[in-house]
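Morning, everyone, and thanks for coming. I'd like to walk you through a few strands and one nonpolar core, so let's get the structure up on the screen.

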Amino acid sequence: MLRMLAKRMLIAVPSLVGVVIVTFLLTRALPGDPAAYFAGPAATKEAIEQIRVKLGLDKPLYLQFIHYVGDLARGDLGNSLTTGQSVAHEIKTRLPASAELTLLGLIVSMAIAVPLGILAATRPNSLVDHLCRVISTAGVSLPVFFTGLILIYVFYYLLGWAPAPLGRLDVFFSPPPHVTGFYLIDSLIAGEGEVFTASLKQLVLPALTLGIFALAPIARMTRASMLAVLASDFVRTARASGLAPLTVVVTYAFRNAMLPVVTTLGMVFSFLLGANVLVEKVFAWPGIGSFAVEALIASDFAPLQGFVLTMAVMYVALNLLIDVLYGVIDPRVRIEA
Amino acid sequence: MGCATSSIRNGEPEFGVVSETVPLLEVADLTVEFSTRRGVVRAVEHVDVRVAKGETVGIVGESGSGKSVTSYAVMRILDRAGRIAQGAVRFTGLDVRAASENEMRDLRGREMSMIFQNPRAALNPIRKIGRQIEDVLEQHSQADSAALTDRAIEMLDQVRIARPRERYHAYPFELSGGMCQRVVIALALACRPQLLIADEPTTGLDVTTQKTVMDLIVELTRQRGMSTILITHDLGLAATYCDRVVVMEKGRVVESAPSRDIFTAPAHPYTRKLMRATPRPGVSLGDLLLEDELELRIPQRQTRSAPCPQGESAAPSHINDGAPLLVVEKLVKEYARKRTGGPLAKIFARQPTPEPDTFRAVDGISFTVARGESVGLVGESGCGKSTTSTMVMRLIDKSDGVIMFDGEDIGAIPAKSFAKLPLRKRIQMVFQDPTDSLNPRFTAARAIADPILRLGGTRGRDVRARCEALARQVGLPLDLLDRFPHQLSGGQKARVGIARAIALNPDLVVLDEPTAALDVSVQAVVLNLLQELKETLGMSYLFVSHDLNVVRLLCDRVIVMRAGRIVEQGPTAQILVSPQAQYTRDLLAAVPHPTFA
Amino acid sequence: MNKAASFPNPSQQGGAEQTVAVAPLRPASAGGAPALAPRNTGFSATLRHARYILGENAVTGFAFALFLVIVLAALLGPYLVPYDPLASDTAAALKAPSVAHWFGTDQLGRDVFSRVVVATRLDFFIAVASVALVFLMGGLAGVAAGFFGGWTDRIVGRIADTIMAFPLFVLAMGIVAALGNTVENVVLATAIVNFPLYARIARAEANIRREAGFVLAARLSGNGEMRILLAQVLPNIMPIMVVQMSLTMGYAILNAAGLSFIGLGVRPPTAEWGIMVAEGAAFMVSGEWWIAFFPGAALMVAVFCFNLLGDGLRDIVDPQRRT
C-alpha cells in the first residue's frame, strides 16, 4: 500500500515539472516585451528597465528559468502592481474563501447526484430516471455564470430569501477568529452562532451554483456506471444466489460502480476550479478567482501567473488524492499481480 | 428416476409412465416473451422439462435455442424485459410463477442455484472470494456469524482449492480460470441446494480443465443427492455426464429421452442433424452432413464420398512427395517479462524478482508442411500454437530459428516489410472470430476484394466478377455480397473470411480455430467446405485448434504442443489412436466420450 | 461544461442501454437470415438512413431543426435584424421586452434581440473553428499515437498529460492573457485545452483496433500501415470522434463565453453572448433581468442543441445502426 502511495507521488513529479515549465513559458516567453507586461500599462521606460533587471528578463532563457524556479522554491511569486503586496501572501489569504466555496459546492453536488444516479439506474424508465437524464443533459448546457445570475434574480430579487451577493459576510458581522480560514468551521470553533448562520446564508447561492454545475456530469456518470454494473455477470451471480436487493445494490453494485465515478471526479475538479473563477465574479466572492480576474482587468500580470500556478499545483495534489482513493477501493491496483 | 423403460418423445408423455415421487422440477408448457424495440419476441414456446430427484438432465441446443432462457425462467431471474407468458414452473410442488419475490429469493441459492459461463466475470472483482461465499451463507442463515468464515473455508476445500485458508483472502483476478470456476461452484453449493443449474460451465476452459471441473461437479452433486441441469451446446459433453437429454431448437423442445436413446437412435430430424454434425471418432467429414441440406450444399460437390471405415481419418489426397512447402526449424519467440510496477518498482523492491527476464512463448520447435498436406497444430491455451502460426504468417517477427517457405527464408524478412512483397499472396489466413476479422464498415464484397485490389492486379469490373466467383465457390449467396457484417450470420461471415483468404490462390493457408465460434451444424458445413477447397485449389493447411475431434477429421498429420514445445508429431491416425506421450494421452482422455454399457 | 467524462470504454456515451439478458453464447446460426434489402452503399442510401433516424427519434429531429435555425441565424442574422446591434439610443435605455423591442433594450439603449441574433455568428464561428482545430491536432495525433505506439505515443501522452495537469479553464485564461486578448487566441486556447480529451479518445479507439482481426487481415491483404490507418481504422473511429466534436462545439461556446465574461477575448461593444451576460449581470440585481437573460438563454439553447446533435450524428454515421 505504501509502495503504491510512493509510486503515485513519484508520478506526480513530472506533472509538477510540466506545470512549472508551462507557466514559465506562458509568462516569460510572451510575444512582445515581457517586462512591459510585468511593469504594467502605465509604466515609464525606466520602470520597465528596472523590472527587466529585477526579474532577470535580460538574461538568456535558461538562466531565467533557474531564477524562476529559485523564486518559486522560496515562495516568491512576485508582487501585485495594484496592491503592492506579495502575490504569495494574497493567495494565501484568499485561498480559504475559494476552498470553502468549492468544497461546499462539491458536497452539495455529490449529495444530490450520486443518489439520483443510483436511483435512476435501479428504476429504469421511471420518473426518477427521466429526471436524471433531463438534468444531465440540460445541466451540462447551462453556463455556470448564467445559473448564478438566475439564482440571484429569483432568490434575492424576486423572493428576497437570499442576502445580497456581496461577499462572504454581511457588513454587520466581522469574521470569526482565524483558525482554518473557513468561516463555517471557525465560527463554530469560536462559538459564534450568528456568524455561522450569516456565513452560511452568504454561501448558499454560490455553493448551489457550483453544485448545480457539477451535478450533471456526476449524475450522468453514476447512472451510466450503475447501469453497466447492474447488467454485469457478477451481479447476475449475486441475484442468482438469492442475495437481498440492498446487498446486491450496495455491496456488489455500488462499490464497483463508484470506480469510474471516482475517475470522473478528476475531471469534475478541473471544471470546478475553472467555474470557481466565474462564480466568484458573479457573487463578488473574495477568493483567488476574483483576485485573478481583478488582476486581468488591471493588466497586472504577476498575480495572474501566481494564480495559474497555484491552481495547477492544487489540481495535481487533488488528482493524487483521487488516485489514492481509487487504489483504496480497487484491490487490482493495489496488488500488482 | 421413474421407470427407465418408458420415455418421453416429442414432448408428449406416453401412457404407462409411473413415477414414485413428484419430480423435483417440473416445467410445463412454458412460454417466455421478451418485449424489445421491435415488438414482442417469443424466446421459448411450449417447453416441457422434468427433472427428478438425483437426476442429471442435459439441455442441448445451438445458439438461439432458448436453453438459457428456460433456466433463467426457472430461477425467475429473467431480464426486466422478459416475462413468463404462459405455462407453469413447479419446484418441489411450489408454483414458481406465483411465488413472491421474497419466496424466490429464499429459493435462490438455498434450494436451487446456478453456475454460469465465464467464471472470472461471474465473481465480484473487488471482493475477496471468501467473503463472497460468506455473503451467500449469511443471506440464507446457514451458520451463525462466528462460524461463517470456517464454513466458507470448508467450501473452498470441498471444491479442491489448495490452501483454502490462504486463498480465502484472494481476489478473482489472482486466480486462474479453472480456479474461478471452482469458486463459483462453491458459491452455488454452499447452502446445499437440491438443484444445480450449470449454464455452459466449461465453455472457454481448456479441455483438461473442463474434465476436472465436470468431474468435480458430478462428484459433489452425487455426494449430496442433488439434481443437475446441464445446459450445453456440446452433445458429447451431455452424453457423457447426463442421464437424460432434452434437445431444443429455436425455442422449442424437439426431443426428450434418456442419453443412450438420444445417441444410439435419435428420433427427431434436428437431433439427428446435430448428432451427425458433431465431430467424433469413427466418422469422416462427409458423414457430418445430411443428404438433404440444400441451402448449405457445397457447390463443387457432385457426389458424397463414402463414409470411411471405423478408425481411419480423412483419406490423404494430393500429397506431393516433393520438397516440403514449409520448413520450420528451431523456432523461438521470446517476450520480455513484464516487470510489475514499472521501472520505479526496482527502487522500492525489497528482494530481487526470482523469475527470468524473458518468457519463451515458443521454445525451439521444428516441423514441416508438405504441399497439399493438412497439418494440425493442437494444444491448450498458452501452449504457443497461436504464436507459432502468427510467426509463420509473418505478422510478428521471430526471436530465433528459421522459417523456410518454398525454399525462401521468409523468417529473415521483417514483418513490417512483408505486406508489400509478392510472397504475401502465397500465405494467407482464416481467422477464428469471423466478426472481429471483418471491418465493420466494409461490405462483404469490399472485404473479399481487399487482397485482390492490393495484391491481385485486377481492376474495376474484373474485381467484382472475381468476388462473385469466389462467393459462389464458398457457397455465399450473391445477394449477401453488399451486406455489412452485422447483417450476416456467423456462418455467412465465416464464408466471407474464407473467400477472402483464397482470393489470391495461396499455397499455404493458416487456419486459426476457424470454426470455434460457430454452431456445430454450421461447423460441419464449413469443415466440408474447407476440405473441398483444399482439394480443388491444391492448398496446404496449417490448422490450429484445441479440438482434437475436428483435427482428426481434417488433418493428415498432427503436432501436439505444450508450453512452447512440441510433445509429439506424426500422422493423425497414429497420434490420436496410439499416442506415445503421456500428455497426448491426457488430452485424449479429457475429451468427453460417452460410454453406454 | 459538457465534456463526456472519461470512462473505461470511451465509446460508451451517457446512457448505457439495457440489453436483453439472453445474449447468444455463440453467434446466430444460419437460420433466419435477414430479408433482402436494397443496395447498402451510396449517397441515396445514406440519405434514406438519415431520414429514418430523424423520423425514429423525435428528439434528434428536433435537435437538427434547431441546429439549422442556429446556422441560419449565424449566416443571415446580421441582414435580417430590425435594429443595428451597435446603435445606442440612450432615450430608450433599459426598456423591458415589448412589441417594439422583443428582448428589451440594454443600458445603452441597444436592442437586445438584434444583438443576440448577431452574436450567433461570432459564437458559432468560435465553436466551429475550435472544433476543427482540435480535431486536426488532437484527433490525428491521438490516432497516430494509438495505432503506431512507441515514441509517437510517448510524446503525445506527455503533451496531453502536461495540459491535463492544469484545470482547463484556468489554462485557457493563462493562454489568452499571455498571447493577447483576441478572438483568434480564444479559439487557439480552446483547442489546446481540449487537445488531451480528443487525443485520449482517439488513441484509445485506435489502440483497440490496432490488433483487431480485420487489421491483421488487411496486413495479409498487402495493405501498408498508413493505408490501414487511413482507409480502414479511421472510418471506424469517425462516429465516436463526430459525437465528440459535437459535444466540444458546445463546450467551446461555453468556454469562449466564460472567457469573455471575465473580460478576455471579446471586447465591447462587440455583440457576443458571454460579454452581453457580463454587461447585464449588474442589472440582474436591480431587476432588469432581460439584458443578461436572453443571451444566457441563447447560450444554453445552442449548447443543448449541440449535445443532442452529437447523439443523432452518431446514429447516422455508424453503419451498425443501419437496418
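Let me start in chain B, with a reminder that we're looking at a predicted model. Find B:R90: its bridge partner in β7(B) is B:D95. Strand β7, residues 94-95 of chain B, runs antiparallel to β6(B), and two bridges join them. Two residues sit between these strands in the hairpin, and one to look at is B:T92, with a positive phi near 45°.

Now, which residue is the bridge partner of B:E26 in β6(B)? That's B:R90 again. The strands here are β3, residues 25-36, and β6, residues 82-91, both of chain B, and they pair in the antiparallel sense over eight bridges.

Next, please scroll further along chain B. Here we have an open sheet of four strands, in the order β14-β13-β16-β17, with antiparallel pairing. Its edge strands are β14 (358-369) and β17 (408-409), each pairing on one side only. Two bridges connect β17(B) with β16, residues 400-405, and B:D409 in β17(B) stands opposite B:M404. Lying across β13, β14 and β16 of chain B is helix α12, residues 385-392, which runs at about 115° to β13(B).

Last stop, the largest nonpolar core, with 359 residues. Those touching the most other members include B:A186, B:F543 and, over in chain C, C:A172 and C:I253. Leaving aside residues up to four places away in sequence, B:A186 touches B:I133, B:M155, B:L156 and B:V159.

That's my tour, and I'm happy to take questions!

Technical notes. Residues are numbered from 1 along each chain as its sequence is written. Chains are lettered from A and ligands numbered from 1 in the order in which they are written. This is a predicted model: local features need pLDDT of at least 70, side-chain atom pairs count only at pLDDT 80 or more; totals for chains, interfaces and linings use all residues. A nonpolar core is a set of buried Ala, Val, Leu, Ile, Met, Phe, Trp, Tyr and Cys residues joined through C-beta atoms within 7 Å. A residue is buried if 20 or more other C-beta atoms lie within 10 Å of its own, exposed if 12 or fewer, and partly exposed in between; C-beta atoms are placed from the backbone. Two residues are in contact if their C-beta atoms, placed from the backbone, lie within 7 Å. Two strands pair if DSSP finds at least two bridges between them. Axes are lines fitted to C-alpha atoms, for helices over the stretch in contact, and angles run from 0 to 180 degrees between N-to-C directions.
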